[in-house]
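Me: I should like to learn how to read the features of a structural model, one at a time. Could we begin with the model below?

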Amino acid sequence: MDCVFCKIATGEIPGKILYQDDKVVAFPDIHPAAPTHILIIPRQHIPSLARLSDNDTALVGHMVKIANKLAKEGGIAESGYRVVINCGKEGGQVVPHLHLHLLGGRKLTDGMG
Ligand code: AMP
Ligand code: ZN
């Protein structure tokens, strides 16, 4: 699978892993849009939110749970943060492997801030 996020998940592309378990991996966004900008991805290659199967809804809940955990550990749980999933071309999705953005550490405005 020629997918950059799959390669990060397997370790084929080395990088800083902030959290991992058997289902998800979290790592810093390479072009941070905020002081905290973390991507949380499933290990499984799901191309987009639009391609979720009914069996994957718990997985997305788990991704949100890990976002909350990382927000707390990163000290932004009280100040506030944003989770974003871009879906498809007009939704602003560039990388075709499902990912959740965790953004915080400054006052966020519209869109991705
Ligand atoms: P999206 O527009 O929702 O598809 O977001 C893709 C995000 O992935 C962007 O914020 C990129 O900066 C980020 N990104 C792309 N390649 C990498 C990489 N190799 N490591 C970390 N983040 C990446
Ligand atoms: Zn992938």
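Reply: Certainly; please note that this is a predicted model. A metal site may be read first from the sequence spacing of its ligating residues, and for the zinc ion (ligand 2) the donor residues follow the pattern C-x2-C-x38-H-x51-H. Within this set, one pair links distant parts of the chain: Cys 3 belongs to the segment before α1 (4-10), and His 45, 42 residues apart from Cys 3, to the loop between β3 and α2.

Me: Which protein atoms are the donors of the zinc ion (ligand 2)?

Reply: The donors are the SG atoms of Cys 3 and Cys 6 together with the ND1 atoms of His 45 and His 97, at 2.0 to 2.3 Å from the ion.

Me: What arrangement do the four donor atoms around the zinc ion (ligand 2) make?

Reply: Geometry is read from the angles between donors, and four donors count as tetrahedral if all angles lie between 85 and 135 degrees. Here the angles are 105 to 117 degrees, so the arrangement is tetrahedral.

Me: Is Cys 3 buried or exposed?

Reply: Buried means under 20% relative accessible area. Cys 3 has 6% and is therefore buried, whereas His 45, with 26%, is partly exposed.

Me: Turning to the sheet, what is the order of its five strands?

Reply: The sheet is open, its pairing is antiparallel, and its order is β1-β2-β3-β5-β4. The edges are held by β1 (19-20) and β4 (81-84); each has a single partner strand, so one side of each lacks a neighbour in the sheet.

Me: How many bridges join strand β2 to strand β3?

Reply: Five bridges join β2 (residues 24-28) to β3 (residues 36-42), and the two strands run antiparallel. In this pairing, Ala 26 has Ile 40 of β3 as its bridge partner.

Me: Which strands does helix α2 lie across?

Reply: Helix α2 (residues 57-73) lies across β1, β2, β3, β4 and β5 (100-104), and runs at about 155 degrees to β3.

Me: How many salt bridges does a search of the whole structure find?

Reply: The search finds three. One joins Glu 73 to Lys 69 at 2.8 Å, N to O; both residues lie in helix α2, four residues apart, about one turn of the helix. Glu 73 is exposed at 54% relative accessibility, while Lys 69 is partly exposed at 33%. Another joins Asp 2 to Lys 7 at 2.9 Å, with Asp 2 exposed at 72%. Asp 22 and Lys 23 also meet in a salt bridge, at 3.5 Å; Asp 22 is exposed at 62% and Lys 23 partly exposed at 42%.

Key. Residues are numbered from 1 along each chain as its sequence is written. Chains are lettered from A and ligands numbered from 1 in the order in which they are written. This is a predicted model: local features need pLDDT of at least 70, side-chain atom pairs count only at pLDDT 80 or more; totals for chains, interfaces and linings use all residues. Side-chain values use heavy atoms; hydrogens and water are left out. Two strands pair if DSSP finds at least two bridges between them. Contact means heavy atoms within 4.5 Å. Axes are lines fitted to C-alpha atoms, for helices over the stretch in contact, and angles run from 0 to 180 degrees between N-to-C directions. Donors are N, O and S atoms within 2.8 Å of the metal (3.2 Å for Na, K and Ca); water is not among the atoms, so sites may look incomplete. Four donors count as tetrahedral if all angles lie between 85 and 135 degrees; four count as square planar and six as octahedral if opposite donors are over 155 degrees apart and all others between 65 and 115; anything else is irregular. Buried means under 20% relative accessible area, exposed over 50%, partly exposed in between (1.4 Å probe, protein chains only). A salt bridge is a side-chain nitrogen of Lys or Arg within 4 Å of a carboxyl oxygen of Asp or Glu.
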